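Colleague: Could you take me through one part of this model at close range? I'd like the parallel sheet and what surrounds it.

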Amino acid sequence: MKHLVLIGGGHSHAIVLKMFGIKPLPGVRLTLISDVLHAPYSGMLPGHVAGFYDYDECHIDLRSLAELAGCQILIDRAIAIDINKNLVICQTCPPVNFDVLSVDIGSTPATLSVPGAAEYAIAAKPVPEFLASWNQLISERQNHPQKPLRIAIVGGGAGGVELALNMQSRLGKEEGRRKREEGRGKKEEGRRKREETLENLSSEIHLFHSGAELMSAHNHRVRHRLQEILISRGIQLHLKEKVCAVKKIERETTLPFPTDYQISCKSGLELECDRIFWVTQASAANWIRESGLAADSNGFMQVNDCLQSVSHPNVFAAGDIAAMVNYPRPKAGVFAVRQGKPLFENLQQFLLEKPLKPFAPQEQYLGLIGTGNKRAIASRGNFMWESRLLWYWKDWIDRQFMQKFSNLPKTRHTK
(Lines give C-alpha, C1' and ligand atoms only; values in the text may rest on other atoms or scores of the structure.)
Protein backbone atom coordinates (compact mmCIF):
# COMPACT_ATOMS: atom_id res chain seq x y z
CA MET A 1 0.00 0.00 0.00
CA LYS A 2 1.56 3.30 -1.11
CA HIS A 3 0.74 6.48 0.77
CA LEU A 4 0.09 9.68 -1.21
CA VAL A 5 -0.04 12.78 0.98
CA LEU A 6 -1.47 16.08 -0.27
CA ILE A 7 -0.48 19.23 1.64
CA GLY A 8 -2.96 22.07 1.12
CA GLY A 9 -6.44 22.29 -0.38
CA GLY A 10 -5.67 24.63 -3.28
CA HIS A 11 -7.37 24.59 -6.68
CA SER A 12 -5.06 21.91 -8.13
CA HIS A 13 -5.56 19.55 -5.19
CA ALA A 14 -9.34 20.02 -5.31
CA ILE A 15 -9.24 18.79 -8.90
CA VAL A 16 -6.86 15.94 -7.97
CA LEU A 17 -9.23 14.74 -5.23
CA LYS A 18 -12.23 14.74 -7.55
CA MET A 19 -10.30 12.86 -10.25
CA PHE A 20 -9.08 10.26 -7.75
CA GLY A 21 -12.73 9.77 -6.81
CA ILE A 22 -13.67 9.23 -10.46
CA LYS A 23 -10.59 7.15 -11.29
CA PRO A 24 -9.35 5.46 -8.09
CA LEU A 25 -5.98 3.73 -7.99
CA PRO A 26 -5.95 0.38 -6.14
CA GLY A 27 -3.18 -0.03 -3.59
CA VAL A 28 -2.92 3.71 -2.84
CA ARG A 29 -3.89 5.40 0.43
CA LEU A 30 -4.68 9.14 0.32
CA THR A 31 -4.26 11.74 3.07
CA LEU A 32 -5.00 15.46 2.81
CA ILE A 33 -3.38 17.84 5.32
CA SER A 34 -5.30 21.12 5.33
CA ASP A 35 -5.91 23.79 7.95
CA VAL A 36 -9.40 24.43 6.53
CA LEU A 37 -12.34 22.27 5.46
CA HIS A 38 -13.56 24.86 2.96
CA ALA A 39 -11.00 26.08 0.44
CA PRO A 40 -11.54 29.58 -1.01
CA TYR A 41 -11.80 29.94 -4.79
CA SER A 42 -9.67 32.94 -5.73
CA GLY A 43 -11.72 33.87 -8.80
CA MET A 44 -14.79 34.76 -6.71
CA LEU A 45 -13.13 36.28 -3.65
CA PRO A 46 -13.21 39.93 -4.85
CA GLY A 47 -16.93 39.49 -5.55
CA HIS A 48 -17.35 37.99 -2.08
CA VAL A 49 -15.62 41.04 -0.55
CA ALA A 50 -18.05 43.26 -2.49
CA GLY A 51 -21.02 41.22 -1.25
CA PHE A 52 -21.95 39.63 -4.60
CA TYR A 53 -21.31 36.04 -3.40
CA ASP A 54 -21.95 34.38 -0.07
CA TYR A 55 -19.42 32.12 1.67
CA ASP A 56 -20.66 28.82 0.26
CA GLU A 57 -20.72 30.11 -3.31
CA CYS A 58 -16.98 30.81 -3.31
CA HIS A 59 -15.60 27.99 -1.13
CA ILE A 60 -14.88 24.37 -2.12
CA ASP A 61 -16.03 21.72 0.35
CA LEU A 62 -12.89 19.62 0.85
CA ARG A 63 -14.66 17.13 3.12
CA SER A 64 -17.05 16.08 0.32
CA LEU A 65 -14.15 15.74 -2.13
CA ALA A 66 -12.18 13.66 0.37
CA GLU A 67 -15.16 11.37 0.93
CA LEU A 68 -15.47 10.86 -2.83
CA ALA A 69 -11.76 10.02 -3.11
CA GLY A 70 -11.65 7.84 0.01
CA CYS A 71 -9.12 10.27 1.44
CA GLN A 72 -8.34 10.85 5.12
CA ILE A 73 -8.32 14.54 6.18
CA LEU A 74 -6.04 15.92 8.87
CA ILE A 75 -7.15 19.41 9.94
CA ASP A 76 -3.72 20.81 10.63
CA ARG A 77 -0.99 22.99 9.19
CA ALA A 78 2.21 21.47 7.75
CA ILE A 79 5.25 23.31 9.13
CA ALA A 80 8.16 21.22 7.80
CA ILE A 81 9.18 18.19 5.77
CA ASP A 82 11.82 15.69 6.89
CA ILE A 83 12.80 14.83 3.36
CA ASN A 84 15.29 12.11 4.41
CA LYS A 85 12.70 10.19 6.44
CA ASN A 86 9.72 10.99 4.17
CA LEU A 87 7.80 12.69 6.98
CA VAL A 88 5.51 15.74 7.02
CA ILE A 89 5.82 17.63 10.31
CA CYS A 90 2.52 19.19 11.41
CA GLN A 91 1.70 21.90 13.90
CA THR A 92 -0.33 19.68 16.23
CA CYS A 93 -0.69 16.15 14.77
CA PRO A 94 2.09 13.54 14.89
CA PRO A 95 4.39 13.39 11.83
CA VAL A 96 2.81 11.87 8.72
CA ASN A 97 4.83 9.43 6.64
CA PHE A 98 4.54 9.45 2.84
CA ASP A 99 5.72 7.58 -0.20
CA VAL A 100 4.65 10.35 -2.58
CA LEU A 101 4.00 13.96 -1.62
CA SER A 102 2.20 16.81 -3.39
CA VAL A 103 2.22 20.43 -2.19
CA ASP A 104 -0.43 23.04 -3.08
CA ILE A 105 -0.37 25.61 -0.28
CA GLY A 106 -0.44 28.85 -2.30
CA SER A 107 1.59 31.92 -1.32
CA THR A 108 1.43 34.88 1.04
CA PRO A 109 2.31 38.57 0.50
CA ALA A 110 5.90 39.37 1.48
CA THR A 111 5.95 41.31 4.77
CA LEU A 112 9.25 40.37 6.42
CA SER A 113 11.23 43.27 4.97
CA VAL A 114 8.94 45.94 6.48
CA PRO A 115 9.11 46.40 10.27
CA GLY A 116 5.70 45.97 11.89
CA ALA A 117 3.93 44.67 8.77
CA ALA A 118 3.77 41.04 9.90
CA GLU A 119 2.40 42.10 13.31
CA TYR A 120 -0.08 44.82 12.38
CA ALA A 121 -1.02 44.48 8.69
CA ILE A 122 -3.65 42.04 7.41
CA ALA A 123 -2.22 39.93 4.59
CA ALA A 124 -4.53 39.10 1.66
CA LYS A 125 -3.39 35.48 2.04
CA PRO A 126 -3.99 33.11 3.76
CA VAL A 127 -7.53 33.91 2.68
CA PRO A 128 -9.39 32.57 5.78
CA GLU A 129 -7.54 34.99 8.07
CA PHE A 130 -8.09 37.85 5.64
CA LEU A 131 -11.84 37.15 5.38
CA ALA A 132 -12.17 36.90 9.16
CA SER A 133 -10.65 40.39 9.47
CA TRP A 134 -12.80 41.79 6.67
CA ASN A 135 -16.01 40.34 8.12
CA GLN A 136 -15.10 41.76 11.52
CA LEU A 137 -14.64 45.17 9.92
CA ILE A 138 -18.05 44.99 8.22
CA SER A 139 -19.65 43.92 11.51
CA GLU A 140 -18.06 46.88 13.30
CA ARG A 141 -19.29 49.15 10.53
CA GLN A 142 -22.84 47.90 11.00
CA ASN A 143 -22.70 48.24 14.79
CA HIS A 144 -20.94 51.64 14.80
CA PRO A 145 -21.99 53.38 11.57
CA GLN A 146 -20.99 56.78 12.97
CA LYS A 147 -17.35 55.73 13.24
CA PRO A 148 -14.99 57.34 10.69
CA LEU A 149 -13.07 54.70 8.76
CA ARG A 150 -9.73 54.90 6.98
CA ILE A 151 -8.32 51.84 5.23
CA ALA A 152 -4.83 51.51 3.75
CA ILE A 153 -4.00 48.94 1.08
CA VAL A 154 -0.32 48.30 0.34
CA GLY A 155 0.37 46.91 -3.12
CA GLY A 156 -0.65 48.30 -6.50
CA GLY A 157 -0.79 45.11 -8.53
CA ALA A 158 -4.03 43.65 -9.88
CA GLY A 159 -4.83 42.14 -6.47
CA GLY A 160 -4.49 45.43 -4.59
CA VAL A 161 -6.43 47.42 -7.19
CA GLU A 162 -9.28 44.90 -7.37
CA LEU A 163 -9.41 44.69 -3.57
CA ALA A 164 -9.62 48.49 -3.24
CA LEU A 165 -12.52 48.73 -5.71
CA ASN A 166 -14.49 45.85 -4.20
CA MET A 167 -13.93 47.00 -0.63
CA GLN A 168 -15.17 50.45 -1.55
CA SER A 169 -18.23 48.92 -3.23
CA ARG A 170 -19.15 46.97 -0.07
CA LEU A 171 -18.58 49.93 2.24
CA GLY A 172 -20.69 52.08 -0.08
CA LYS A 173 -23.52 49.57 0.20
CA GLU A 174 -23.31 49.69 3.99
CA GLU A 175 -23.51 53.49 3.97
CA GLY A 176 -26.39 53.37 1.47
CA ARG A 177 -28.25 50.91 3.68
CA ARG A 178 -27.74 53.19 6.67
CA LYS A 179 -29.04 56.17 4.72
CA ARG A 180 -32.19 54.27 3.78
CA GLU A 181 -32.78 53.11 7.34
CA GLU A 182 -32.23 56.57 8.79
CA GLY A 183 -34.38 58.18 6.12
CA ARG A 184 -37.57 56.29 7.00
CA GLY A 185 -40.14 58.62 8.46
CA LYS A 186 -37.73 61.55 8.76
CA LYS A 187 -38.33 65.12 7.66
CA GLU A 188 -36.32 67.06 5.11
CA GLU A 189 -34.38 68.96 7.74
CA GLY A 190 -33.23 65.74 9.36
CA ARG A 191 -32.26 64.35 5.96
CA ARG A 192 -30.00 67.37 5.27
CA LYS A 193 -28.30 66.99 8.63
CA ARG A 194 -27.64 63.31 8.02
CA GLU A 195 -26.16 63.97 4.59
CA GLU A 196 -23.87 66.63 6.04
CA THR A 197 -22.75 64.17 8.72
CA LEU A 198 -22.15 61.42 6.19
CA GLU A 199 -19.96 63.70 4.11
CA ASN A 200 -17.72 64.16 7.12
CA LEU A 201 -17.72 60.50 8.16
CA SER A 202 -17.49 58.70 4.82
CA SER A 203 -14.89 55.95 4.65
CA GLU A 204 -11.52 56.59 3.04
CA ILE A 205 -9.41 54.10 1.11
CA HIS A 206 -5.73 54.79 0.46
CA LEU A 207 -3.71 52.68 -1.99
CA PHE A 208 0.09 52.67 -1.62
CA HIS A 209 2.35 51.52 -4.44
CA SER A 210 6.12 51.78 -4.75
CA GLY A 211 6.07 52.07 -8.54
CA ALA A 212 5.24 55.07 -10.72
CA GLU A 213 2.32 53.17 -12.31
CA LEU A 214 -0.13 50.59 -11.03
CA MET A 215 -0.30 47.01 -12.31
CA SER A 216 3.03 46.77 -14.13
CA ALA A 217 2.17 43.29 -15.43
CA HIS A 218 -0.64 44.71 -17.60
CA ASN A 219 -0.66 46.88 -20.72
CA HIS A 220 -0.75 50.68 -20.63
CA ARG A 221 -4.44 50.98 -21.55
CA VAL A 222 -5.48 48.69 -18.67
CA ARG A 223 -3.22 50.53 -16.21
CA HIS A 224 -4.46 53.95 -17.32
CA ARG A 225 -8.14 52.97 -17.24
CA LEU A 226 -8.01 51.45 -13.77
CA GLN A 227 -6.13 54.45 -12.44
CA GLU A 228 -8.90 56.63 -13.87
CA ILE A 229 -11.56 54.52 -12.15
CA LEU A 230 -9.78 54.59 -8.80
CA ILE A 231 -9.39 58.38 -8.88
CA SER A 232 -12.98 58.95 -10.05
CA ARG A 233 -14.28 56.93 -7.08
CA GLY A 234 -12.25 58.90 -4.57
CA ILE A 235 -9.72 56.20 -3.74
CA GLN A 236 -6.55 58.07 -2.82
CA LEU A 237 -3.47 56.88 -4.68
CA HIS A 238 0.03 57.17 -3.25
CA LEU A 239 2.35 56.23 -6.13
CA LYS A 240 6.13 56.05 -5.80
CA GLU A 241 5.61 55.62 -2.06
CA LYS A 242 7.59 52.76 -0.53
CA VAL A 243 6.15 51.74 2.83
CA CYS A 244 9.07 51.30 5.24
CA ALA A 245 7.31 50.79 8.60
CA VAL A 246 3.98 49.96 10.20
CA LYS A 247 3.30 50.63 13.85
CA LYS A 248 0.49 50.51 16.36
CA ILE A 249 -0.38 53.89 17.85
CA GLU A 250 -0.23 53.93 21.63
CA ARG A 251 -1.82 57.07 23.03
CA GLU A 252 -4.30 58.45 25.50
CA THR A 253 -7.16 60.23 23.81
CA THR A 254 -10.67 61.47 24.43
CA LEU A 255 -11.70 60.72 20.84
CA PRO A 256 -14.53 58.13 20.70
CA PHE A 257 -12.97 56.27 17.74
CA PRO A 258 -9.20 56.81 17.55
CA THR A 259 -7.26 55.28 14.67
CA ASP A 260 -5.06 52.37 15.64
CA TYR A 261 -2.15 52.19 13.20
CA GLN A 262 0.31 54.32 11.28
CA ILE A 263 1.99 53.73 7.94
CA SER A 264 5.35 55.40 7.30
CA CYS A 265 6.90 55.80 3.85
CA LYS A 266 10.51 56.44 2.77
CA SER A 267 9.48 59.86 1.48
CA GLY A 268 8.42 60.93 4.97
CA LEU A 269 4.69 60.51 4.30
CA GLU A 270 2.82 59.17 7.32
CA LEU A 271 -0.83 58.10 7.51
CA GLU A 272 -2.94 57.04 10.48
CA CYS A 273 -5.52 54.38 9.65
CA ASP A 274 -7.90 51.82 11.14
CA ARG A 275 -6.87 48.82 9.04
CA ILE A 276 -3.90 48.00 6.80
CA PHE A 277 -4.29 45.33 4.13
CA TRP A 278 -1.10 43.91 2.58
CA VAL A 279 -1.24 42.79 -1.08
CA THR A 280 2.39 42.95 -2.20
CA GLN A 281 4.58 40.53 -4.15
CA ALA A 282 3.97 36.86 -3.32
CA SER A 283 6.34 34.95 -1.05
CA ALA A 284 6.70 31.27 -0.18
CA ALA A 285 6.48 29.45 3.14
CA ASN A 286 9.98 29.31 4.65
CA TRP A 287 9.80 25.59 5.35
CA ILE A 288 9.89 24.69 1.66
CA ARG A 289 13.54 25.78 1.31
CA GLU A 290 14.40 24.74 4.88
CA SER A 291 13.22 21.20 4.10
CA GLY A 292 16.00 20.83 1.53
CA LEU A 293 13.75 20.94 -1.54
CA ALA A 294 15.15 22.86 -4.50
CA ALA A 295 13.70 26.38 -4.50
CA ASP A 296 14.08 29.55 -6.54
CA SER A 297 15.35 32.89 -5.22
CA ASN A 298 11.90 33.65 -3.72
CA GLY A 299 11.60 30.31 -1.96
CA PHE A 300 9.10 28.66 -4.33
CA MET A 301 9.58 24.96 -5.03
CA GLN A 302 11.28 24.35 -8.37
CA VAL A 303 9.49 21.75 -10.48
CA ASN A 304 10.07 20.30 -13.93
CA ASP A 305 7.59 20.07 -16.80
CA CYS A 306 5.84 17.19 -15.02
CA LEU A 307 5.25 19.30 -11.85
CA GLN A 308 7.85 17.14 -10.08
CA SER A 309 10.51 18.55 -7.73
CA VAL A 310 13.81 18.90 -9.57
CA SER A 311 15.65 17.65 -6.46
CA HIS A 312 13.32 14.99 -5.03
CA PRO A 313 11.40 12.84 -7.57
CA ASN A 314 8.72 11.67 -5.10
CA VAL A 315 7.63 15.25 -4.35
CA PHE A 316 5.27 17.23 -6.62
CA ALA A 317 3.85 20.76 -6.42
CA ALA A 318 1.28 22.96 -8.16
CA GLY A 319 -0.29 26.38 -7.84
CA ASP A 320 1.48 29.43 -6.46
CA ILE A 321 3.99 27.42 -4.40
CA ALA A 322 5.38 25.80 -7.56
CA ALA A 323 7.92 27.46 -9.86
CA MET A 324 8.13 25.70 -13.22
CA VAL A 325 11.81 25.95 -14.20
CA ASN A 326 11.16 25.95 -17.95
CA TYR A 327 7.94 28.00 -17.85
CA PRO A 328 8.12 30.96 -15.44
CA ARG A 329 4.63 32.34 -14.93
CA PRO A 330 2.98 34.96 -12.68
CA LYS A 331 1.19 33.79 -9.55
CA ALA A 332 -2.41 33.53 -10.76
CA GLY A 333 -5.25 31.14 -9.98
CA VAL A 334 -5.77 30.33 -13.66
CA PHE A 335 -2.48 28.39 -13.73
CA ALA A 336 -3.40 26.40 -10.61
CA VAL A 337 -6.69 25.38 -12.24
CA ARG A 338 -4.92 24.30 -15.45
CA GLN A 339 -2.34 22.28 -13.47
CA GLY A 340 -4.95 20.15 -11.70
CA LYS A 341 -5.40 17.48 -14.36
CA PRO A 342 -1.69 17.17 -15.32
CA LEU A 343 -0.81 16.88 -11.62
CA PHE A 344 -3.36 14.09 -11.13
CA GLU A 345 -2.12 12.21 -14.20
CA ASN A 346 1.53 12.44 -13.15
CA LEU A 347 0.81 11.41 -9.58
CA GLN A 348 -0.94 8.30 -10.91
CA GLN A 349 1.84 7.62 -13.43
CA PHE A 350 4.48 7.91 -10.71
CA LEU A 351 2.56 5.62 -8.36
CA LEU A 352 2.21 3.09 -11.20
CA GLU A 353 5.94 3.50 -11.99
CA LYS A 354 5.13 4.62 -15.52
CA PRO A 355 6.67 7.51 -17.53
CA LEU A 356 5.45 10.98 -16.60
CA LYS A 357 3.70 13.35 -19.02
CA PRO A 358 5.19 16.82 -19.62
CA PHE A 359 2.87 19.80 -19.31
CA ALA A 360 3.31 23.25 -20.91
CA PRO A 361 1.23 26.10 -19.45
CA GLN A 362 -0.20 28.76 -21.72
CA GLU A 363 2.04 31.75 -22.41
CA GLN A 364 -0.62 34.39 -21.87
CA TYR A 365 -3.89 34.35 -20.01
CA LEU A 366 -6.99 36.51 -20.07
CA GLY A 367 -7.20 38.56 -16.90
CA LEU A 368 -10.72 39.65 -15.92
CA ILE A 369 -10.51 42.41 -13.31
CA GLY A 370 -13.75 43.23 -11.50
CA THR A 371 -14.30 46.91 -10.75
CA GLY A 372 -16.71 46.41 -7.84
CA ASN A 373 -19.86 47.50 -9.70
CA LYS A 374 -20.62 44.32 -11.70
CA ARG A 375 -18.40 45.49 -14.53
CA ALA A 376 -15.02 44.05 -15.50
CA ILE A 377 -11.96 44.88 -17.57
CA ALA A 378 -10.40 42.22 -19.78
CA SER A 379 -6.61 42.26 -20.11
CA ARG A 380 -4.47 40.03 -22.33
CA GLY A 381 -1.21 41.19 -23.89
CA ASN A 382 -1.98 44.54 -25.51
CA PHE A 383 -5.73 43.92 -25.52
CA MET A 384 -8.21 45.71 -23.24
CA TRP A 385 -12.00 45.71 -23.13
CA GLU A 386 -14.35 47.05 -20.46
CA SER A 387 -17.98 45.99 -20.19
CA ARG A 388 -20.77 44.88 -17.87
CA LEU A 389 -21.05 41.79 -20.10
CA LEU A 390 -17.52 40.78 -19.10
CA TRP A 391 -18.50 40.63 -15.44
CA TYR A 392 -21.44 38.35 -16.22
CA TRP A 393 -19.20 36.20 -18.43
CA LYS A 394 -16.65 35.95 -15.60
CA ASP A 395 -19.47 35.15 -13.19
CA TRP A 396 -20.62 32.33 -15.50
CA ILE A 397 -17.07 30.92 -15.82
CA ASP A 398 -16.55 31.01 -12.04
CA ARG A 399 -19.91 29.37 -11.31
CA GLN A 400 -19.19 26.65 -13.90
CA PHE A 401 -15.89 25.89 -12.17
CA MET A 402 -17.51 25.74 -8.73
CA GLN A 403 -20.31 23.54 -10.08
CA LYS A 404 -17.70 20.81 -10.64
CA PHE A 405 -17.45 20.39 -6.88
CA SER A 406 -21.18 20.40 -6.12
CA ASN A 407 -23.62 17.48 -5.82
CA LEU A 408 -20.82 14.91 -5.55
CA PRO A 409 -21.63 11.22 -5.07
CA LYS A 410 -21.47 10.27 -1.38
CA THR A 411 -19.99 6.80 -1.87
CA ARG A 412 -16.34 6.13 -1.20
CA HIS A 413 -14.34 4.02 -3.58
CA THR A 414 -12.77 0.79 -2.33
CA LYS A 415 -9.08 0.22 -2.68
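Modeller: Here is the sheet, followed by an aromatic pair. Bear in mind that this is a predicted model, where local features need pLDDT of at least 70, side-chain atom pairs count only at pLDDT 80 or more, and totals for chains, interfaces and linings use all residues. Residues are numbered from 1 along each chain as its sequence is written, and side-chain values use heavy atoms, with hydrogens and water left out.

The protein chain has eleven helices and 25 strands; these are DSSP runs numbered from the N terminus, helices being H or I with at least four residues and strands E with at least two. Five of the strands make an open sheet, ordered E11-E18-E12-E13-E14 and paired in parallel. Pairing here takes at least two DSSP bridges between two strands. At the edges sit E11 (122–123) and E14 (236–239), each pairing on one side only. E11 runs parallel to E18 (residues 275–278) over two bridges, with Ala123 opposite Trp278 of E18.

Helix H5 (residues 127–143) lies across E11, E12 (150–154) and E18, at about 150° to E18. For that angle, axes are lines fitted to C-alpha atoms, for helices over the stretch in contact (heavy atoms within 4.5 Å), and angles run from 0 to 180 degrees between N-to-C directions.

Now the rings: the whole structure has ten aromatic pairs. Phe, Tyr and Trp rings (six-membered for Trp) pair with centres within 6.5 Å; planes under 30 degrees apart are stacked, over 60 edge-to-face, the rest tilted. Tyr120 and Tyr261 make a tilted pair, 6.0 Å centre to centre with 40° between the planes. Tyr120 belongs to helix H4 (residues 117–120) and Tyr261 to strand E16 (residues 261–265), 141 residues apart.
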